[in-house]
Each structure stands twice: as structure tokens, then as C-alpha cells.
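Please look through the sequence and the 3D structure shown here before reading on. The notes that follow go through a few of the topics one by one.

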Amino acid sequence: MAQLLDGAGKLGWGLLKAVLRFVFMFLNNCVAIPSYCFYLLLLQPLRIWDSSAFWHIEGIMFKWLLAMVSSWGWVAGYTVTEWGDDVRPISEEEAMVIVNHQSTGDVCTLMMCLQDKGTVVRKMMWLMDHVFKYTNFGLVSLIHGDFFIRQGKAHRDKQLVYLKDHLDKYYHSRDRKWIVLFPEGGFLRKRRETSQLFAKKHSLPHLTHVTLPRLGATHIILKTLSAQQENGSVGGDCGSNKRKGLQWVIDVTIAYHKARPMDIQTWIFGYRPPTVTHVHYRMYPIKEVPMEAEALTDWLYQRFVEKEELLAHFYDTGTFLAEGGEKEAVSRQMTLDPVWLCVIQSFTFASAFIWYSVLQYLYCCLF
């Protein structure tokens, strides 16, 4: 009986905590997203007068919104440990980030682990499935200039044309530095069987922890954003008065505890015990990345074969493979400043109160 009562108490507390978290996050979205939109509406004259200053301010608020999402996981004890290359020194250089895709929690994990990487978060562009356009954060991403891609053979060719047009129109004009995409084109659990059948048919490696990536978006990004030399190869420097273009490809591998991906519902309700998500980085200079479609396909496949090896080793040993002559891999704990998170949340709710008061005053004046 005592055990039963104890179990019932824990269940009741867990449910209460989940409800309280959901209510707070619902209110958080209701005050943060409208405030973001109203501030940008107020700053429209600045956008006409000084576009770069406008997008600088927008980027700062965008980073704060992503920090707000990060705080939801942080307070629940969902933290990140980083492995491999340190990407902070190249945070001001242009890079394409390729990530394995297991669940909706991948985006939340990236939102958290990139918070301490300089200006990366406010100057990054995301490529995400078009369904995210209809979520609570879809309007923010639409304003920020992220690209929503529609999956499927029927849409593939048109989507790549739209992607190139989007990059030409928004990437440089809004001073973007990093572009993040998931080359697998879907969640692991949904694509694994199809990918394995494709691999068997074409004598490609059998993958379990990742799937074979798709080339289309990666190829378009490289061709559109990489600086081209006169001979057609990718160059790292194209003059002091021009943007250098992409300088790096950053290969990010996300590994979850016991290979159990964390989804957005976990971040919202916090029903899973505190856990650590592991993120591994590898950096490749853009000069090492082939541009021709066939060679790029082989290069991209090799990156995901390496991801498979990394993840298999991690799930067996709890650590990633050592690199660069190291005897064992070294990890780094990623941290968020709780004071900074509190300041952001306070500013968000204060902004909502101010805008509510302004709108109420205008309503009373007009009616």
C-alpha cells in the first residue's frame, strides 16, 4: 500500500508539473511572439532607412526567442555535452551546417547548443519542413527568413528552384552567416526502411542510426553561396570588398541517451527525467568539398557513414571516437546563464504588458 501511495504521489506530481509547464509555455508564446512582431512593426521605418540595422535588431530578438525555447529544456534538466571540433572560432565565418535528423527535439537541441556561439543564432538561416510554418514558431521563422521546404518527388524540382531564389533574395541581404539543414529529408524512424532498401539496391552501406542523405538542397546551397573562382572551383577568398562565401561545412551529429530521441513534447511537458544530449562537431574547409554532383554525392554519403560509426561507438561506449591523435575523446559541457535567461523572460513579459497597455489606450481613443 505504501508503495502504491508513493507511486500515485509521484504520478500526481508529474502530471501537475506537466500542466504547469504547459500553461507557462503557452503564456510564454502568447506574450513573446506578438511582442516580437509588434517591435518589428514599429521598426519598419528603420528597415527602409537602414536595412542592416533593422535586421541586426531582429536577429538579437530572434536569438532571445530561441533562448526562451532553450530555457524550457534547461529548467527540466535537459542539457547538452559537446564533442569534437570547437566551432566557436569560426562563428563569424560563413558555414553550411548538416545535421542528422531523428525527431523534433533536434531543432530544440540546436537552439540550445548554438546559444553560446557568438552571433551564430541571430545570423543563421534554417531549412525546415513546410509543416513547421503552421506551428506557433512558424510566423517568427517566416519573418526571420527561414526556408520551408516541401518534401516528396512531386515537389522536389520546384522546391530547389524556390530555394535558390530564396537564398539569392534573403541570405546576403539579411547578413546571414550559417545555414542549417537536415540532408536526410525526414526523421530517422520514417526514412530508415526506405533508405536501407535503396542502399541494398545500389550496393551502398547499410545504415541503422542514420539514413542516406539527399543531395538536392545541399548542392543548391553550395553552388549558390560558395565563392567561385575563374576556373569554376570553390575559393576561400574573393577579394576584400566582397563576401568570401561559404568557408566551412560543419558536420553535426546528435546522439540521445540510450538512442531515445527527445521530441518537442518532452521539452514542453518535461516528463522525461533530466538527461544529457550529446552533440559532435566536425569542420571541413569548403575547399575540401567537391562541387560536382556525383563527387558531392559520394562525399555526402561518406559523411553519413562516418556519422553511423560515431553513433554506433557512442551507443556502445557512451563516448565518441577519439580524433586527431587523442587517446580518448574530450567532451565539453555546454552551459546557459540562468540570470540571462531570467532577464530575457522578464523583458518578454514586460514587453507584453507594455504592448497590451498601448493597444488598450489606442482602442479607448478610437472607440
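Which residue in strand 8 does W83 stand opposite? The residue facing W83 is S331, which belongs to strand 8. The model is a predicted one, and the points below begin with the sheet, then turn to the helices packed on it, to two loops and to a patch on the surface.

**The sheet as a whole**

- The sheet is open and is built from 8 strands in the order 4-3-5-2-6-7-1-8, with mixed pairing.
- At its edges stand strand 4 (147-149) and strand 8 (331-334), and because each has a single partner strand, one side of each is left without a neighbour in the sheet.
- From one strand to the next, the twist averages 25 degrees.
- Strand 8 pairs with strand 1 (residues 78-84) in the antiparallel sense, and this pairing extends over 4 bridges.

**Strand 2, inside the sheet**

- Of the 5 residues of strand 2, 5 are buried, so this strand is largely enclosed by the rest of the structure.
- In a regular strand, side chains alternate between the two faces of the sheet.
- Strand 2 is covered on both faces, since A95, V97 and V99 on one side are buried, and M96 and I98 on the other side are buried as well.
- Strand 2 runs parallel to strand 5, to which it is joined by 4 bridges, and within this pairing V97 has V180 of strand 5 as its bridge partner.
- Strand 2 also runs parallel to strand 6, with 5 bridges between them, and here V99 has V252 of strand 6 as its bridge partner.

**Helices against the sheet**

- Helix 3 (residues 51-75) lies across strand 1, strand 3 (124-129) and strand 8, and its direction is at about 110 degrees to strand 1.
- Helix 4 (residues 105-113) also packs on the sheet, where the strands that it touches include strand 2 (95-99), strand 5 (178-181), strand 6 (248-255) and strand 7 (275-285), and its direction makes about 75 degrees with that of strand 1.
- Q44 is a residue of helix 2 (residues 44-49), and it counts as partly exposed because its relative accessibility is 28%.
- Although Q44 and F54 are 10 residues apart along the chain, their C-alpha atoms are separated by 7.9 Å.

**Two loop residues with positive phi**

- Most residues other than glycine have a negative phi.
- D175 is not a glycine, yet it has a positive phi of about 55 degrees; this residue is found in the loop between helix 6 (153-171) and strand 5.
- With a relative accessible area of 29%, D175 is partly exposed.
- A259 is not a glycine either, and it has a positive phi of about 60 degrees; its place is the loop between strand 6 and helix 9 (264-269).
- A259 is partly exposed too, with a relative accessible area of 38%.

**A nonpolar patch on the surface**

- V19, F22, V23, F24, F26, L27 and F349 together make a nonpolar surface patch of about 620 Å².
- Helix 1 (residues 2-42) gives the largest share of this patch, namely 6 residues, and V19 is a residue that lies in helix 1.
- V19 has a relative accessibility of 49% and therefore counts as partly exposed, given that a residue has to be over 50% to be called exposed.

Conventions
Residues numbered from 1 in each chain as written. Predicted model: local features only at pLDDT ≥ 70, side-chain atom pairs only at ≥ 80, totals over all residues. Heavy atoms only, no water. Patch = residues over 30% accessible without salt bridge, like charges linked within 9 Å, V, L, I, M, F, W, Y side chains within 5 Å. Areas by Shrake-Rupley, 256 points an atom, 1.4 Å probe, with all protein chains shown as cover. Salt bridge = Lys/Arg side-chain N within 4 Å of Asp/Glu carboxyl O. Buried < 20%, exposed > 50% of the residue type's maximum accessible area, 1.4 Å probe, protein only. Pairing = 2+ DSSP bridges. Axes fitted to C-alpha atoms, helices over the stretch in contact; angles between N-to-C directions. Contact = heavy atoms within 4.5 Å.
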